[in-house]
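Dear colleague,

I am passing on the structure we spoke about, with the sequence alongside. Please open it before reading further, since the notes below are meant to be followed on screen.

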Amino acid sequence: MPRLILLLAILFIPSFCALAQTARTEQPGQVTVTSPSGEIRAQLSLDAKTGNLKYSIERDGKRLIGPSSFDVRLGDAGSIAAGASIQNVTEREIDQSSDLLWGKSSRLRDHYRTATIRLTNKSGIHCDIELRAYDDGVALRYGFPEQELLREFVIEGESTEFRLAGNPNILFMTLDHFKTSHEATYERKAFSELPENKLMAVPLLAVWNDGSAAAITEARLRDFAGMYLEKKPSPEWRGSVLQTRLAPMPEKDNTVVAARAPHWSPWRVVLVADHAGKLLESNLLLCLNEAPEGDFSWLRPGKTTWPWWNGTIEHGPPSTPELNFAIHKHYIDFCAEHGIAYHAISSVAEDRPWYVQRDPGFAWPHADTDILKARPDIDLPRILDYAATKGVGIRLWVNWKPLADHLDEAFATYERWGIKGLMVDFMDRDDQEMVQWQERVLRAAARHKLHIQFHGSYKPTGEQRTFP
């Protein structure tokens, strides 16, 4: 037995060393990570004299993102880069695969090389930066480990830059403010022609003259503020740069994130491909999120009706239980005949939701709004019974605010009714508080076997892997 233990130890030592060796640096203060194929090269550098922390990205020797500043401003400790020094660097290569419960792929391969850099700034605050290189993109995030000098902290802002090389064409969406449904019009302009000091949503797509493309976005947005971009003038670059802005907390000046260490940011992601269409094949955002936990065997992915678009136009405003039942029976029969898994119910008329609410309107709930009671004139129990006989699941639309006031009670009620899922609407925010709340919704929905569609919400960041 001792010889067997010794043999196993010898076999495992080389593997462990390969995963935890100190990263090689080309020069002091510089760390380089290459993708498994060697095609993509990401570099992080710290100038100890100026306190400038920068990263850059190359693909096939071509610069995509020029040296771009990276910094975070803490409420009490200031810049994490100012006076910072690199304490240690570790690197790993990971290659693992797992099954996906639904999506464009049945298997997910997570293969990357990574370096984690421990910084200590002039105030003695420790900050970890992780830089990953995949064959289809680069991801960067920062985190604050548990430490005596930083237990609870506030982030006032982040100034991560994206200095796009050359003058690519940009597909982008501008927004007037952070409170948004992300339903504005996309435009296409050369980078040099982008409006300055104007909020832009992500993903943002860049396409160069040779057809190569990059998309800037974020992954694993959890307990943090959503990321936006602004084009800023940059004298040192002799042009302009895209700079990160984080959604501020409502009614809290100079606060975008309030947290307790340890705490990680989302990933800042640059997806790359030979042409823009190939970006659709990437599973990188899923790779940057954790695998699901728990039993999701109850999930039944499928198509759904959405008769709010055409129901009242086709049939006229429902006004009696019998007419309501007839309309929904029509859709349920259609679903059963054509293999459509779900039928959605949002309203009894063009201006009233399915639940009790005296005044018309969907965006603004009222004092008497009761999402635990269906309007009598929709005859919901009869609709549910009929749908069950046809093997068609029923989904409900609901405004987020009354749901937030009665989340667990509402989900327990809907599960008892036999509801299969919900469209949750009108959040129109991605500050830290709203991001936290939407995760609460997903966790509660998993407990009550309900699927969730967020509408009037922020972009997907790969969380559908963790919450299938």
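Below is what was found in the strands and in the pockets.

Please keep in mind that this is a predicted model.

I begin with the parallel sheet. Four strands form an open sheet in the order 23-28-29-30, with parallel pairing. Strand 23 (342-345) and strand 30 (451-454) stand at the edges, and because each has a single partner strand, one side of each is left without a neighbour in the sheet. From one strand to the next the twist averages 25 degrees. Strand 23 is joined to strand 28 (residues 393-399) by 4 bridges, and within strand 28 it is Leu396 that stands opposite Ile345. Helix 8 (residues 432-447) packs on this sheet, where it touches strand 29 (421-425) and strand 30, and its direction makes about 155 degrees with that of strand 30.

The next region is an antiparallel one, built around strand 3 (residues 52-59), which is mostly covered, with 7 of its 8 residues buried. On one hand, strand 3 is joined to strand 2 (residues 40-47) by 8 bridges in the antiparallel sense, and Leu46 has Leu53 as its bridge partner. The hairpin of these two strands has 4 residues between them, and Gly51 takes a positive phi near 75 degrees there. On the other hand, strand 3 pairs with strand 4 (residues 62-69), again antiparallel, over 5 bridges, with Glu58 standing opposite Arg63. That hairpin has 2 residues between its strands, and Asp60 in the turn has a positive phi of about 55 degrees.

Turning to the pockets, the largest has a volume of about 1200 Å³. It is lined by 44 residues, the closest to its centre being Trp102, His451, Ile452, Gln453 and Pro468. Two or more residues of this lining come from each of strand 28, helix 8 and strand 30, and helix 8 gives the most, with 6 residues. By class, the lining holds 24 nonpolar, 11 polar and 9 charged residues.

The second largest pocket contains about 730 Å³ of space. Its lining has 31 residues, of which Lys104, Leu279, Leu280, Ser282 and Leu285 lie nearest the centre. Strand 16 (204-207), strand 17 (213-219) and helix 2 (284-287) each give two or more residues to this lining, with helix 2 giving the most, at 3 residues. Here the residues divide into 19 nonpolar, 8 polar and 4 charged.

With best wishes

Notes
Residues numbered from 1 in each chain as written. Predicted model: local features only at pLDDT ≥ 70, side-chain atom pairs only at ≥ 80, totals over all residues. Heavy atoms only, no water. Pairing = 2+ DSSP bridges. Axes fitted to C-alpha atoms, helices over the stretch in contact; angles between N-to-C directions. Contact = heavy atoms within 4.5 Å. Buried < 20%, exposed > 50% of the residue type's maximum accessible area, 1.4 Å probe, protein only. 1 Å grid on protein atoms, 1.4 Å probe; cavity = no way out; pocket = protein on both sides within 12 Å on 5 of 7 lines; lining within 4 Å. Points joined across faces, edges and corners; volume = space filled by probe spheres on them. Nonpolar A, V, L, I, M, F, W, Y, C, P; charged D, E, K, R; others polar.
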